[in-house]
Amino acid sequence: MQLQKLIFITLFLLILTNSLFSQWHFGLSNYSIYDDNIFRNYKKDADTYLVPGISISKSTSIMDYYFNSYNFFLNKNTALNNSVNTLGIDYYKTLTSDLYSNLGLNISGRIDKEEYNYYDYFKIETYGIFKWYSIKNGLTKIYMKTHSKSFPAENSWNHYEFALKLQHLLYLETGTTLKFDLEPIIRNFQPYSYQYNFVTYSDELPTLWQTIFNFRIAQSFTQNFGGYTEFQYRYNPSETNPYDPLIQSFSPIDDYFGYGGYEWRTNLKYKLTENLWLTTSGELYRDNYKNRAIYEYNFDTGLFSVDDDGYYIPLGKNRDDTGFIMNFGISYQISKLFNSPSNIILDIQYSNQVNKSNDPYFDYDNNSITLQLNYHTQF
């Protein structure tokens with residue numbers, strides 16, 4: 001942890017000394033959310049929570065320096081309260097008249113309460129983005145990203161991850177934009193040791209990989225009305241995603257490597273006035289979970305059934321979900337607040353999700369309302 005603190009302090013001092021006499025950007029934000037099924041299961045436990053945030057950044061012709069901090073405060077489930085902080089630098093470079101690059105480095109950390117300290121992590125991330133105007137009406141992008149993520153409470157989850165995204169955009173005279181994405185991702189876990197009967201053993205979780213394919217068609221219908229539809233397929237052959245049924249969906253390592261499948265979403269945006277716009281979106285999905293056994297569950301007692309040795313009883317199949325999500329939103333922006341270079345954006349969103357699963361525990365519907373307020377200024 002001493003090395004992690006040293007990296008964080010060094011990066012902060014670098015940002016400070018390079019921007020001390022320059023113009024800064026400052027932002028405040030807050031999400032106020034009511035969710036009637038916060039755990040996304042049949043129990044439908046409701047809660048409200050706030051997510052206040054602060055951002056400080058400085059942009060020059062070739063550099064961006066930034067610091068972001070977000071805190072999550074739940075009303076009922078206070079044990080889940082946590083904070084996430086990120087400090088980073090972006091560097092921009094024009095290589096040729098049609099080739100541009102962006103290199104970045106950031107460090108981030110998450111701190112939770114003691115009951116959920118296995119969520120705590122420290123992450124170092126580096127990335128590079130290269131944009132090439134390969135043809136007159138086309139743009140090719142290459143994203144390369146790698147990170148090292150460590151979990152103080154569980155060393156077996158420590159890992160490196162590498163992602164390479166190849167993206168091509170094609171702009172047509174009809175106002176149509178076509179976007180193609182191909183993104184392979186690899187996660188390699190670090191070796192760890194443990195003791196059993198006073199004997200030390202070494203082990204390592206298997207390497208995981210997947211590939212994401214994405215295709216989007218975006219269309220501008222009028223000056224104030226546009227939208228897109230896209231299809232994404234996640235090919236995930238890995239069968240060894242770590243998972244602990246005792247903590248269900250709260251395992252921090254049980255993330256996008258835990259499933260494969262597809263998503264088809266459509267989004268529409270209509271600008272009513274210069275400062276007021278409406279959005280709506282819909283999504284159909286299917287998630288085939290990996291290493292997610294379905295266990296026998298007693299809905300009368302609200303407990304998992306166990307065998308004579310106290311182990312959960314698997315039903316011999318993995319979780320498989322299908323569902324849809326609908327979103328409706330309205331946003332309003334106030335520009336040049338008090339005749340200064342600042343603005344406020346007020347955003348209200350309603351979301352409805354219906355999830356059908358072969359695991360009755362995860363057969364649910366969910367409704368949420370989000371009120372977001374963002375303030376940005378320069379000084």
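Is R187 buried or exposed? At 1% relative accessibility, R187 counts as buried, and we'll come back to this arginine in one of the views below. Keep in mind that this is a predicted model.

**Figure 1. The whole chain, before we zoom in.** The protein chain is built from one helix and 20 strands. Its radius of gyration is 23 Å, close to the 21 Å that the globule rule gives for 379 residues, so the chain is as compact as a globular protein of that length. Along the principal axes, the C-alpha atoms fill a box of roughly 70 × 50 × 45 Å. Of the 379 residues, 40% count as buried. The accessible surface comes to about 21300 Å², and carbon and sulfur atoms account for 60% of that. As for how the chain meets itself, take the contacts between residues at least 6 apart in sequence: 57% of them join residues at least 24 apart.

**Figure 2. Strand β12 and its partners β9 and β13.** Here's a good place to get your bearings. Strand β12 covers residues 208-220 and runs antiparallel to strand β9, residues 176-189, with 12 bridges joining the two. To find one of the matched positions, look for P184, whose bridge partner in β12 is T211. Strand β12 also pairs with strand β13 (residues 225-235), again in the antiparallel sense, over 10 bridges. In that pairing, F213 stands opposite Y233 of β13. Four residues sit between β12 and β13, and the two strands form a hairpin.

**Figure 3. The largest nonpolar core.** This view gathers the 14 residues of the largest nonpolar core. The residues with the most contacts inside the core are F151, W157, I185, F189 and I253. Strands β9 and β12 are the elements that give two or more residues to it. In soluble globular proteins, nonpolar side chains tend to be buried together.

**Figure 4. Who touches F189?** Zoom in on F189 and leave aside its neighbours within four places in sequence. Among the residues in contact with F189 are W157 and I253, along with S156, N158 and H159. The list of contacts also includes E204, L205, P206, L208 and P242. Elsewhere there's a second, separate core of seven residues, which includes I33, V51, L74 and L80.

**Figure 5. R187 and D255 join up.** Back to our opening arginine: R187 forms a salt bridge with D255, and the closest N and O atoms are 2.9 Å apart. D255 lies in the loop between β13 and β14 while R187 lies in strand β9, so the pair ties together parts that are 68 residues apart in sequence. The partners sit in different settings: R187 is buried at 1% relative accessibility, whereas D255 is partly exposed, with a relative accessible area of 21%.

**Figure 6. A salt bridge across the hairpin strands.** The side chains of R216 and E230 meet in a salt bridge, 3.0 Å from N to O. R216 belongs to strand β12 and E230 to strand β13, 14 residues apart. R216 is partly exposed at 23% relative accessibility, but E230 is buried, at 6%.

**Figure 7. A buried pair and a network.** D321 and R319 bring their side chains together in a salt bridge of 2.6 Å, N to O. D321 is buried, with a relative accessible area of 1%, and R319 is buried too, at 6%. Salt bridges that share partners also join R216, E230, E263, R265 and E283 into one network. The salt-bridge count comes to 14.

Note on methods
Residues numbered from 1 in each chain as written. Predicted model: local features only at pLDDT ≥ 70, side-chain atom pairs only at ≥ 80, totals over all residues. Heavy atoms only, no water. Pairing = 2+ DSSP bridges. Core = buried A, V, L, I, M, F, W, Y, C linked by side-chain atoms within 4.5 Å. Buried < 20%, exposed > 50% of the residue type's maximum accessible area, 1.4 Å probe, protein only. Contact = heavy atoms within 4.5 Å. Salt bridge = Lys/Arg side-chain N within 4 Å of Asp/Glu carboxyl O. Rg over C-alpha atoms; globule rule 2.2 N^0.38 Å. Areas by Shrake-Rupley, 256 points an atom, 1.4 Å probe, with all protein chains shown as cover.
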